[in-house]
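Reader: I would like to learn how to read a fold feature by feature. Can you take me through one?

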Amino acid sequence: MSEAATLNFSNEIVEFADKIAGLTLKQAKELSDCLKEKYGIEPAAAGAMMMAGPMMGAGGAAPEPVEQTEFDVVLTGFGDKKLNVVKVVKNITGASLMDAKKLVEAAPATLKQGISKAEAEKLKAELEEAGASIELK
């Protein structure tokens, strides 16, 4: 909207519109349910109203970040303790000593995929203790 169009509205209405535009999807759904249940008003474009919130400019609410639940453990380097890192990689992956060595030398290499945060942090600590550089993705 242009600045001139905004001046035609009362401050109270603009503040109310800003609040609605800043609702999260969950809050917009709750508002829609409340209007329907309490006042018998069924918004015709409830989906469009809910979608408008995240698409608004600086005044709109930012979408809530989704918390990551699965992690990949990626070996990015082995430092100067290659043998120690190879031994730990062998234990983690169950690979043969030769395959673990090839995997370490092929860094960056994904060692585990789709594991929990707790398990990923544990493996990261174990590998870093051995001298490896690790990234969790």
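Author: Start with one residue. Ser 133 is partly exposed, as its relative accessible area is 35%. Keep in mind that this is a predicted model.

Reader: Where does Ser 133 lie?

Author: Ser 133 belongs to strand β3.

Reader: Which residues is Ser 133 in contact with, leaving aside its neighbours within four places in sequence?

Author: Outside that window, Ser 133 touches Val 74, Leu 75, Thr 76 and Gly 77. There is also a link in space to a helix residue to note. Ser 133 and Val 85 sit 48 residues apart in sequence, yet their C-alpha atoms are 9.6 Å apart.

Reader: Let us step back. How many helices and strands are in the chain?

Author: The chain has seven helices and three strands. Along the sequence they follow the pattern α-α-α-α-β-α-α-β-α-β.

Reader: What share of the chain is buried?

Author: Of the 137 residues in the chain, 20% are buried. Contacts tell another part of the story. Take those with a separation of 6 or more: residues 24 or more positions apart account for 64% of them.

Reader: Now the sheet. How should I read strand pairing?

Author: The general idea comes before the case. Strands of a sheet pair through backbone hydrogen bonds, and the pairing is either parallel or antiparallel.

Reader: What is the strand order here, and is the pairing parallel or antiparallel?

Author: The sheet is open and has three strands in the order β2-β1-β3, with antiparallel pairing. The edges are β2 (109-115) and β3 (133-136). Each has a single partner strand, so one side of each is left without a neighbour in the sheet. On average, neighbouring strands are turned by 20° against each other, direction ignored.

Reader: How many bridges join β1 to β3?

Author: Four bridges link β1 (residues 71-77) with β3, and the two strands run antiparallel. For a register point, Val 73 stands opposite Leu 136 in β3.

Reader: And how many bridges pair β1 with β2?

Author: β1 and β2 pair over four bridges, again in the antiparallel sense. Here Phe 71 has Ile 115 of β2 as its bridge partner.

Reader: Why is β1 described as largely enclosed?

Author: Five of its seven residues are buried, so β1 is largely enclosed by the rest of the structure.

Reader: On to the helices. How do I describe a packed pair?

Author: Two packed helices are described by the angle between their axes and the distance between the axes.

Reader: At what angle do α5 and α6 pack?

Author: α5 (residues 82-93) and α6 (residues 97-105) pack at about 115°, with axes 8 Å apart. Their crossing is right-handed.

Reader: Which residues of α5 and α6 meet?

Author: From α5 come Lys 82, Val 85, Val 86, Val 89, Lys 90 and Thr 93. From α6 come Leu 97, Ala 100, Lys 101, Leu 103, Val 104 and Glu 105. By class, this contact has seven nonpolar, one polar and four charged residues.

Reader: Is Glu 105 buried, partly exposed or exposed?

Author: Glu 105, in helix α6, is partly exposed, with a relative accessible area of 36%. Leaving aside neighbours within four places in sequence, Glu 105 is in contact with Phe 78 and Lys 82. The C-alpha atoms of Glu 105 and Leu 75 are separated by 9.8 Å, with their positions 30 residues apart along the chain.

Reader: How do α5 and α7 cross?

Author: The axes of α5 and α7 (residues 117-130) come within 8 Å and cross at roughly 155°. Angles over 145 degrees count as roughly antiparallel, and that makes α5 roughly antiparallel to α7.

Reader: Which residues make that contact of α5 with α7?

Author: α5 supplies Asn 84, Val 85, Val 88, Val 89 and Ile 92, while α7 supplies Leu 123, Glu 126, Leu 127 and Ala 130. By class, there are seven nonpolar, one polar and one charged residues.

Reader: One last residue. Where is Leu 31 found?

Author: Leu 31 is in helix α3 (residues 25-39). Leu 31 is partly exposed, with a relative accessible area of 28%. Its C-alpha atom is 9.2 Å from that of Ile 20, eleven residues away along the chain.

Conventions. Residues are numbered from 1 along each chain as its sequence is written. This is a predicted model: local features need pLDDT of at least 70, side-chain atom pairs count only at pLDDT 80 or more; totals for chains, interfaces and linings use all residues. Side-chain values use heavy atoms; hydrogens and water are left out. Axes are lines fitted to C-alpha atoms, for helices over the stretch in contact, and angles run from 0 to 180 degrees between N-to-C directions. A crossing is left-handed if the near helix is turned anticlockwise from the far one by less than a right angle, and right-handed if clockwise. Contact means heavy atoms within 4.5 Å. Ala, Val, Leu, Ile, Met, Phe, Trp, Tyr, Cys and Pro count as nonpolar, Asp, Glu, Lys and Arg as charged, and the others, Gly among them, as polar. Two strands pair if DSSP finds at least two bridges between them. Angles under 35 degrees count as roughly parallel, over 145 as roughly antiparallel, 65 to 115 as roughly perpendicular and the rest as oblique. Buried means under 20% relative accessible area, exposed over 50%, partly exposed in between (1.4 Å probe, protein chains only).
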